[in-house]
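The following note is offered to a colleague who is meeting this structure for the first time. It concerns the internal cavities and the residues that line them.

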Amino acid sequence: METQKRFETALLPANDAGIEKAVSLLRQGELVGIPTETVYGLAANAWNPEAAKKIYAAKGRPSDNPLIVHIADLEMLKSLARVRPQLAYTLADAFWPGPLTMIFPKAKEVPDATTGGLDTIAVRMPSHPVAARLIRESGLPLAAPSANLSGLPSPTKAEHVFQDMNGRIPLILDGGECSVGVESTVIAVHEDGVRLLRPGGITVEMLSKYCAVTVDDGVLHQLKNGEKALSPGMKYKHYSPKANVIILDGSPDACAEYVRLHKGPGVWAMAFEGEEKLLDVPSMPFGKRGDGLSQAKVLFDRLRECDEKGAKTVYVPMPEKDGVGLAVYNRLLRAAGFDVVVL
Ligand code: TXA
Ligand code: MG
């Protein structure tokens, strides 16, 4: 990989002065860490192939894993996507701005570096006021993957971005904690329905009110050797702390009993609210049982904490698979390398 240019990384509040600085850097083809409602993004001018290449270098990301392009209005969508099924406008009307990414055949003017060489483009209109303002004031669609080093948990706080990107980019804007906590829902949109490639804050249940939804096999299963991922990101190891993450599928008592039998130095657990008292290993709070929203909000922070605590093994209770729980389960499965113990 290309040697990194060393930057003095500024961490500024996302106020008028911070935004002005960010807009100027983005216009010069530089990278800026920005808040969105899902996770922090590593943003660059989507029209500039050199800027897009800097994203891959800063993240250590494989160059065939395409970026999501962030827009502020539907005019921008027109300039980026060659084909836009009517259904996309229905879904945009219902869920944009918000945590929904739609995939379209790309306009030929979009650089290959931005789409990882694919002839499709992933587009989303973020609802975070700072992200929206940066796009409007720069007049640029912003290519932005999550602002973590490739393979690590996505950042939900500006300090996470600083941990991963210090010295690699000139500026991070601090817009506080992300409200959703997991990355956007990614769908391929067709005339008559959508295929879910990555679950997120816009749930299958919400999409199903508007159209037929097919959940891609890759969402809950490991790709077999040689199998082609429809969303290239799904084939890479993801969200992994150094600790060995193991998902426990069972009642609170069965999980507690399993943890008791496996306790030892470096053994930690995540616990749903109120269930920590059943455990006799140290634990980290992991939202409420049956409430995917509360779990999504803390998941990546907790996965980063595993390393800060020097945990060797972390047992995590199985989330529900409906609503936002499906997104939590999808990320956890990858963090755990698909290691699930059924009790
Ligand atoms: O919430 C989010 O989506 C965040 C914030 C910053 O907006 N961004 C994000 O980007 O999660 P990233 O790069 O970490 O994940 C993008 C995912 C990857 O799995 C990638 O493979 C997939 O979207 N993707 C992007 N373009 C695609 C395309 N043309 N076809 C299929 N999958 C695509
Ligand atoms: Mg990512």
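**Note on the internal cavities**

1. Helix 8 supplies the largest share of the lining of the largest cavity, namely 4 residues. The reader should bear in mind that the model is a predicted one.

2. A search of the whole structure returns 2 cavities of 30 Å³ or more. The volume of the largest cavity is about 120 Å³, and that of the second largest is about 40 Å³.

3. The largest cavity is lined by 16 residues, of which Cys-255, Met-270, Glu-275, Leu-279 and Pro-317 are the closest to its centre. Two or more lining residues come from each of helix 8 (252-261), strand 13 (267-271) and strand 15 (313-317).

4. As to chemical class, 14 residues in the lining of the largest cavity are nonpolar and 2 are charged, while none is polar. Glu-275, one of the residues closest to the centre of this cavity, is counted as charged.

5. The second largest cavity has a lining made up of Thr-185, Leu-196, Pro-199, Gly-200, Ile-202, Thr-203, Val-204, Gly-323, Leu-326 and Ala-327. In this lining, 6 residues are nonpolar and 4 are polar, with no charged residue present.

6. Which domains contribute to the lining of the second largest cavity? Domain 1 (10-219) and domain 2 (244-342) each provide at least three of its residues. Among the lining residues, Thr-185 and Leu-196 fall within the bounds of domain 1, and Leu-326 and Ala-327 within those of domain 2.

Definitions and conventions
Residues are numbered from 1 along each chain as its sequence is written. Chains are lettered from A and ligands numbered from 1 in the order in which they are written. This is a predicted model: local features need pLDDT of at least 70, side-chain atom pairs count only at pLDDT 80 or more; totals for chains, interfaces and linings use all residues. Side-chain values use heavy atoms; hydrogens and water are left out. On a 1 Å grid over the protein atoms alone, a cavity is a set of points where a 1.4 Å probe fits but cannot get out, and a pocket is an open set with protein on both sides within 12 Å along at least five of seven lines; lining residues have an atom within 4 Å of a point. Grid points are joined across faces, edges and corners, and a volume is the space filled by probe spheres set on the points. Domain bounds come from an automatic or database domain assignment.
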